[in-house]
Structures are given as structure tokens and as C-alpha cells.
Amino acid sequence: MPIDSHLLAVFFVTSIIAMVIPGPDMLFILGCGMRGGPRAGLLATAGVATSEAVHVAVAAAGLAALFAAVPVAFTVVRVAGAAYLIYLGVQTLRHRRDVEAEPAGVSGRRAYLNGLLTNLLNPKMVTFTIAFLPQFIDPGLGHVWAQFAILGAILIALEFLVDGTVGVLAGRIGDWLRRRHTARRRLNATVGTLFIGLGIRLAAER
């Protein structure tokens with residue numbers, strides 16, 4: 001196995017701890033699950049996991065050094081990601097009363113694409129990956145790409161385990177709430193506000 005077993009164990013424990021602390025990804029998946037049901041929550045997780053696979057590949061290729069060389073690139077991507085989240089929140093608030101016209105809340109396809117785009121447009125995930133994964137890579141063992149691939153696969157599996165569980169459970173609660181129109185309107189308002197808050201938080205971070 002082209003990876004140090006001790007580093008692998010430490011990586012696994014550290015990743016679990018990082019995953020269970022609620023962050024933007026978990027809150028986004030929570031909102032998708034509550035609006036669209038368990039399937040939407042799971043597909044939102046799949047979207048986030050897909051973008052994480054891209055981040056791992058970027059980290060392994062060293063392309064994230066662009067953010068260090070050209071700081072404005074980081075700012076542009078961060079603002080674009082924040083704007084997209086705020087847009088999603090505003091759209092949710094605008095249509096919060098459309099309980100008859102949109103019984104499904106949010107489709108699985110939309111949940112996946114939103115999860116993918118939201119995480120891809122979060123440059124902090126790229127910089128986190130570039131800072132986090134190499135701590136558990138041992139160049140002396142060779143096969144650096146293989147080490148990145150193994151750690152990335154574990155990270156994505158934990159994403160499905162932790163955030164996927166959150167999305168499915170939120171979806172089951174959302175299914176119950178969607179049967180009650182008043183509760184659903186409040187649910188949409190809550191989720192819309194959550195997305196806007198996440199966008200503002202991302203825009204304000206440095």
C-alpha cells in the first residue's frame with residue numbers, strides 16, 4: 001500500500017472530526033434535503049463530493065498555486081460563489097409561497113448541480129485541500145498521485161457517510177413538513193435565509 005499506515009489513521013480521525021463540525025457544505029445539504037426530500041439531500045451530497053474530487057485533482061496537480069500567485073483570482077471565484085448562493089436564497093424566498101405549483105420543492109438534478117457549483121465556487125475548499133492533504137503524504141514512499149487518490153477517496157467516502165446522512169434525515173423531516181402548506185412556506189423562508197446567510201459569510205471571509 002503506497003501510503004504510511006500511521007498517517008492514514010491520523011488522516012481518518014482528523015477528517016471525521018472535521019466532517020462532523022457543521023460547515024457550509026453540511027448546511028447547504030441540510031437545506032436541500034429539507035426542501036427536496038431524502039433523494040435531493042443525497043444528490044446534493046453527491047454534487048459536493050464530485051467537486052471535492054475535482055479539488056483533490058487540482059491539489060495533486062498543484063494548480064491551486066494560482067491563488068497564491070494571483071490573489072485576485074481567489075477573490076473573483078469567492079465573490080462568484082457567494083453571489084450564486086445568495087441568488088439561490090433569493091429565488092427560494094421569492095417562491096416560498098408556491099406550495100401548489102412546486103410540490104417537489106427541489107429536484108434531484110438541481111440539488112446535484114447546486115451542490116457541485118456551490119462547492120466548486122468555494123476557493124477555500126481548494127486551499128483547504130492543498131493545505132490539508134499534503135500533511136498526510138510521504139514523498140519518500142513514492143507514488144504521490146496514488147497517495148492523493150487514496151486520501152481523496154477516503155475524504156469523499158466520509159462526505160457521503162456524514163453529510164449524506166444529514167441530507168437523508170433532513171429529507172425525511174422535510175417530507176413531513178411539505179404535507180403542511182404553512183409549514184412548507186416557513187421551511188422555504190428558512191432555507192432561503194440560510195442560503196443568503198451562507199453567501200454573505202463566504203463573501204465576507206478573507
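Phe 148 touches Val 56, Ala 59, Ala 60, Leu 133, Pro 134 and Ile 137, leaving aside residues up to four places away in sequence. These contacts belong to a predicted model, and they lead into its largest nonpolar core, which holds 18 residues. Within this core, Phe 148 is one of the four residues that touch the most other members, together with Phe 11, Leu 133 and Leu 151. Helix H1 (5–20), helix H3 (38–61) and helix H8 (144–178) are the elements that give two or more residues to the core. H8 gives the most, with six residues. Apart from this core lies another, of 13 residues, including Cys 32, Tyr 84, Leu 85 and Leu 88. In soluble globular proteins, nonpolar side chains tend to be buried together.

Helix H1 merits a separate description. H1 has 16 residues, and the distance from its first C-alpha to its last is 23 Å, close to the 22 Å expected at 1.5 Å a residue. Leu 8, Phe 11, Ser 15 and Met 19 are buried in H1. Because they cover an arc of only 60° around the axis, they lie on the same side of H1. An α-helix has 3.6 residues a turn, so residues three or four places apart point the same way. Phe 11 thus appears twice in this account: it is buried in H1, and it is among the residues of the largest nonpolar core that touch the most other members.

The chain as a whole may now be considered. The protein chain contains nine helices and zero strands, and from the N terminus on its elements run α-α-α-α-α-α-α-α-α. Of its 206 residues, 45% count as buried. The protein chain exposes about 10100 Å², of which carbon and sulfur atoms supply 70%. Where contacts join residues at least 6 apart in sequence, 86% of them link residues at least 24 apart.

The confidence of the prediction varies along the chain. The mean pLDDT of the protein chain is 77, and 78% of its residues reach 70 or more. Among the elements, H3 has the highest mean pLDDT (88), whereas helix H4 (residues 65–69) has the lowest (63). H3 is also one of the helices that give two or more residues to the largest core. Over residues 99–104 the pLDDT is below 50, and this stretch has 12 contacts in the model beyond near neighbours in sequence. Where pLDDT is low, the predicted coordinates should not be read in detail.

Technical notes. Residues numbered from 1 in each chain as written. Predicted model: local features only at pLDDT ≥ 70, side-chain atom pairs only at ≥ 80, totals over all residues. Heavy atoms only, no water. Core = buried A, V, L, I, M, F, W, Y, C linked by side-chain atoms within 4.5 Å. Buried < 20%, exposed > 50% of the residue type's maximum accessible area, 1.4 Å probe, protein only. Helix = DSSP H or I, 4+ residues; strand = E, 2+ residues; numbered from the N terminus. Contact = heavy atoms within 4.5 Å. Expected span 1.5 Å × (residues − 1). Arc of directions from axis to C-beta. Areas by Shrake-Rupley, 256 points an atom, 1.4 Å probe, with all protein chains shown as cover. pLDDT = per-residue confidence, 0-100.
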